[in-house]
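Here's a short set of exercises to work through with the model open in your viewer. Try each task before you read its solution.

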There are 2 protein chains.
Amino acid sequence: MTTSNERLQQQLAFLTEADKLKSVLRATTLCDGSRRENSGEHSWHIALYAMTLAEHSNRPINISRVIKMLLIHDIVEIDAGDVPVHAKHDVAEQEAKEQVAADRLFGLLPDDQRDEFRAIWDEFEAAESDDAIFAKSIDRVQPVISNLETNGGTWPEFNVTPEQLESRVGVKVTRGAPAVWEVLQSRIRAWFGPHKV
Amino acid sequence: MTTSNERLQQQLAFLTEADKLKSVLRATTLCDGSRRENSGEHSWHIALYAMTLAEHSNRPINISRVIKMLLIHDIVEIDAGDVPVHAKHDVAEQEAKEQVAADRLFGLLPDDQRDEFRAIWDEFEAAESDDAIFAKSIDRVQPVISNLETNGGTWPEFNVTPEQLESRVGVKVTRGAPAVWEVLQSRIRAWFGPHKV
């Protein structure tokens with residue numbers, strides 16, 4: 001077996017393992033409400049969101065890096081699961097689980113690629129670089145749209161108020177894409193107007 | 001309403017419509033055989049394939065363009081549906097459907113973005129540029145892995161032979177990523193050895 005062949009086998013093992021992200025279910029549903037969304041299709045959708053909404057970033061970004069970041073940002077959920085933004089959970093415990101998951105999953109890759117992918121994921125998690133701030137903003141946009149499209153979606157279930165949306169979601173979206181939050185905010189206000197949660 | 005706001009509304013309308021790709025089912029299943037794969041999660045997975053396997057391209061590529069291409073390559077299936085590679089179908093009729101779908105779906109975007117996305121999709125369909133040839137190669141790899149992981153998957157259903165895989169899939173993968181096909185080919189031969197289809 002050649003070295004190149006070994007590299008390919010490692011890469012394919014990682015890609016095959018990644019398939020499991022399609023079975024990790026999120027709290028939000030598809031926009032038609034037919035079923036819960038999984039983290040694989042969510043990752044595709046927000047990469048498309050980033051590609052489409054890049055111009056609304058309030059800071060200089062490398063959109064290609066942002067897209068790569070979003071393609072791998074949820075991979076750790078294969079082992080650590082998805083934690084809904086409005087659910088109570090132990091933040092430190094979840095972060096520890098995700099670190100172990102990142103070790104295992106990126107560890108399937110050849111060493112140089114393991115380090116490259118891990119660095120991008122670490123950067124996303126740290127949420128400090130311009131690319132990561134925009135990626136994190138966009139990651140928060142799509143579930144809001146899904147909830148708006150499905151008559152509030154999971155908001156009633158989690159007893160979410162407009163103030164909570166502002167502090168848990170709005171602040172993060174505004175950090176990287178304020179114009180996008182402005183549009184969502186007016187839709188959210190319109191929805192909560194007649195609906196008491 | 002400002003012009004910038006109108007742009008955003010058009011972009012969000014496109015992104016919301018794109019959600020429907022998660023309900024387009026493909027012939028292949030997830031690697032655990034639990035259900036059929038949808039075209040949204042497939043699009044995520046092959047973008048990740050491209051990102052991971054870029055070094056195996058046999059021609060110079062711009063991987064960021066390839067990834068963007070793969071993120072939108074199946075969008076037209078929202079209107080035109082998915083045609084399995086081993087199923088009989090009228091090629092001209094399907095292409096005509098996809099053109100109408102591309103007009104409608106990319107037409108939801110602001111004009112400049114409509115033209116940009118459409119040009120990338122047209123380039124993918126034409127399969128002539130280096131980026132498109134590699135993107136097309138990678139698009140053919142993931143279903144083979146899925147079938148291998150699920151004991152032949154849909155091959156028995158479609159009476160697929162190793163020769164058909166070589167001519168329908170191998171030729172296309174080899175065109176952009178010959179080393180990847182070599183690895184798959186040996187796995188395919190190993191599978192078909194004991195299995196008569």
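**Exercise 1. Find which residue of chain B pairs with Asp112(B) in a salt bridge, and say which helices the pair links.**

Step 1: look for charged partners. Asp112(B) forms a salt bridge with Arg7(B), and the closest N and O atoms sit 2.9 Å apart. The rule here wants a side-chain nitrogen of Lys or Arg within 4 Å of a carboxyl oxygen of Asp or Glu.

Step 2: place the two ends. Asp112(B) is in helix α6 of chain B and Arg7(B) is in helix α1 (residues 3–18) of chain B, so the pair, 105 residues apart, links distant parts of the chain. Helices are DSSP runs of H or I with at least four residues, strands are runs of E with at least two, and both are numbered from the N terminus.

Step 3: put the pair in context. Over all chains, the structure holds 32 salt bridges.

A word on ground rules: this is a predicted model, where local features need pLDDT of at least 70, side-chain atom pairs count only at pLDDT 80 or more, and totals for chains, interfaces and linings use all residues. Side-chain values use heavy atoms, with hydrogens and water left out, residues are numbered from 1 along each chain as its sequence is written, and chains are lettered from A and ligands numbered from 1 in the order in which they are written.

**Exercise 2. Describe the interface of chain A and chain B: its contacts, its buried area and its salt bridges.**

Step 1: count contacts. With heavy atoms within 4.5 Å as the test, 51 residues of chain A touch 51 residues of chain B.

Step 2: get the area. About 4,500 Å² is buried between the two chains, and carbon and sulfur atoms give 67% of it. Buried area is the accessible area (1.4 Å probe) that two parts lose on being put together, summed over both. Lys22(A), Trp44(A) and Met51(A) supply 17% of what chain A buries against chain B, more than any other three residues.

Step 3: check the polar side. The rule finds 4 salt bridges across this interface. In one of them, Glu37(B) meets Lys22(A), with the closest N and O atoms 2.8 Å apart.

Step 4: break down chain A's side. α2(A) gives the largest share of the side that touches chain B, 11 residues. By class, that side divides into 26 nonpolar, 14 polar and 11 charged residues. Here Ala, Val, Leu, Ile, Met, Phe, Trp, Tyr, Cys and Pro count as nonpolar, Asp, Glu, Lys and Arg as charged, and the others, Gly among them, as polar.

**Exercise 3. Work out what lines the largest cavity and the largest pocket.**

Step 1: fix the terms. On a 1 Å grid over the protein atoms alone, a cavity is a set of points where a 1.4 Å probe fits but cannot get out; a pocket is an open set with protein on both sides within 12 Å along at least five of seven lines, and lining residues have an atom within 4 Å of a point. Points are joined across faces, edges and corners, and a volume is the space filled by probe spheres set on them.

Step 2: take the cavity. There is 1 cavity of 30 Å³ or more, and the largest has a volume of about 40 Å³. Its lining is Ser64, Ile67 and Lys68 from chain A and Ser64, Ile67 and Lys68 from chain B.

Step 3: take the pocket. The largest has a volume of about 1,100 Å³. Of its 44 lining residues, Val83(A), Pro84(A), Val85(A), Arg140(A) and Lys172(A) lie nearest its centre. α7(A) gives the most to this lining, with 9 residues.
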